[in-house]
Amino acid sequence: MKVLVTGGLGFIGSHTVVELQNKGFDVVIIDDCSNSDENVLEGIQAITGKKPLYEKLDLKEKHKVEDFFQRHQDVAGVIHFAASKAVGESVEKPLLYYENNIGTLVYILKELCRKTKASFIFSSSCTVYGQADKMPITEDAPIKVAESPYGNTKQMGEEIISDTCKVTPSLNAIALRYFNPMGAHPSGEIGELPKGVPQNLVPFITQTGIGLRKELSVFGDDYPTPDGTCIRDYIYVVDLAKAHVVALERLLNGKNESNYEVFNVGTGTGSSVLEAIQSFEKVSGRKLNYKIVDRRPGDITSAYADTTKANKVLGWKAEYTLEEAMNYAWIWEQKIRD
Ligand code: UD1
């Protein structure tokens, strides 16, 4: 069965391609390499023994999207990762984010609506909950006003899919709300490749550990949490990738209860920034150079998932701990700086 993975050369996309190929799916990747590298194809091949089909294509070019679906009429499912994801940049360049993340989603959905049966998996984010009132966060927690255009594209993306599914019974979709993805493949062949200075905690930790950054700034230790630093739910990227395969299979096998469903994808455990640092120090045997600085504007105090729905309905559960995921992130960092 052929599956289109947009953004399949990216961090989560590439790990998902591996899991799809391990399950026997034929994968075709679309990526514009705006935040990824074609070398990732070799990493995927080294792990799975198979190079996926790949087309360098900008999904903002509507006629190219139409042309792609004309040429690949046998695509049974689409996993849509391709999107811009830097929160700060989205504040500076809102239209770029709306065009990249919303325009492209609309073009793909239009093509899927033409099909007699289509399965669609969307990369959403726990950012849609903002600072939730209750922990852990269930899927029916209220959606809060978005803090950034990036966050807004995830909320709007979900609404666009939901509205489309309501009037298109042939379209089946699942939105996966990721908590904080991290780590790298155990093989050391693929992992996170942030361009420039990393914005996210884990790549900043490993780059500081290897000496590429002088020190990590911990954004605030005066939050109302046990150690004063923010709490997040760090989900291992291979676990997250497997959730996509399970979700896709649910749709392809017609096991979904409605034609639009939403699932949290996290571990269910919250960890503080200081705990993440400790776990790095443990797996690397190195002291991490860090200092406490002011809070980062827009950061929420705490977010971790209630994963009951994903566990029971999807039959998926995270298997790796923060420490195991950190270990793979560290192995990867050492390998790419070799
Ligand atoms: C952010 C986005 C989220 C997005 C995710 C993955 C928001 C509010 N959050 O999540 O939508 O899906 O990235 O790209 O838009 N930290 C430091 N020092 C650093 C970096 C981070 O102390 O140098 C802290 C942060 O304050 C936070 C935690 O580490 O408490 C995690 O930060 P980060 O990795 O950036 O993820 P989020 O902000 O949770």
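Does Thr307 count as buried or exposed, and at what relative accessibility? What follows answers this first. 

**View 1. Thr307 is buried in a loop of the predicted model.** At 11% relative accessibility, Thr307 counts as buried (buried is under 20% relative accessible area, exposed over 50%, partly exposed in between; 1.4 Å probe, protein chains only). The loop that holds Thr307 runs between strand 13 (290–293) and helix 10 (308–314); helices (H or I, at least four residues) and strands (E, at least two) are DSSP runs numbered from the N terminus. Leaving out residues up to four places away in sequence, Thr307 touches Gly266, Thr267 and Gly268, where contact means heavy atoms within 4.5 Å. Asn264 is 43 residues from Thr307 along the chain, with 6.1 Å between their C-alpha atoms.

**View 2. Residues of both domains surround the ligand.** The shell has 18 residues, and the closest are Leu201, Ser217, Arg232, Arg296 and Asp299 (near means a heavy atom within 4 Å). At least three shell residues come from each of domain 1 (2–181 + 236–265) and domain 2 (201–231 + 268–305 + 315–332); the bounds come from an automatic or database domain assignment. Strand 8 (residues 216–219) gives the most, with four residues.

**View 3. The ligand has polar contacts with Tyr150, Asn180 and Ser217.** A polar contact is a pair of N or O atoms within 3.5 Å; within protein, one must be able to donate a hydrogen and the other to accept it, and residues adjacent in sequence count only if both atoms are side-chain atoms. Ligand oxygen atoms lie 3.3 Å from a side-chain N or O atom of Tyr150 and 2.9 Å from one of Asn180. A ligand nitrogen is 2.7 Å from a polar backbone atom of Ser217. Of the 740 Å² of accessible area that the ligand has on its own, the protein covers 89% (Shrake-Rupley method, 1.4 Å probe; for residues, only the protein chains shown count as cover).

**View 4. Ser90 is buried in helix 4 (residues 87–92).** Its relative accessible area is 0%. The Ser90 side chain reaches the backbone nitrogen of Tyr150 at 3.0 Å, and a polar atom of that side chain lies 2.7 Å from the backbone oxygen of Val87. Beyond four places in sequence, Ser90 is in contact with Tyr97, Ser148, Pro149 and Tyr150.

**Notes.** Residues are numbered from 1 along each chain as its sequence is written. In this predicted model, local features need pLDDT of at least 70, side-chain atom pairs count only at pLDDT 80 or more, and totals for chains, interfaces and linings use all residues; side-chain values use heavy atoms, with hydrogens and water left out.
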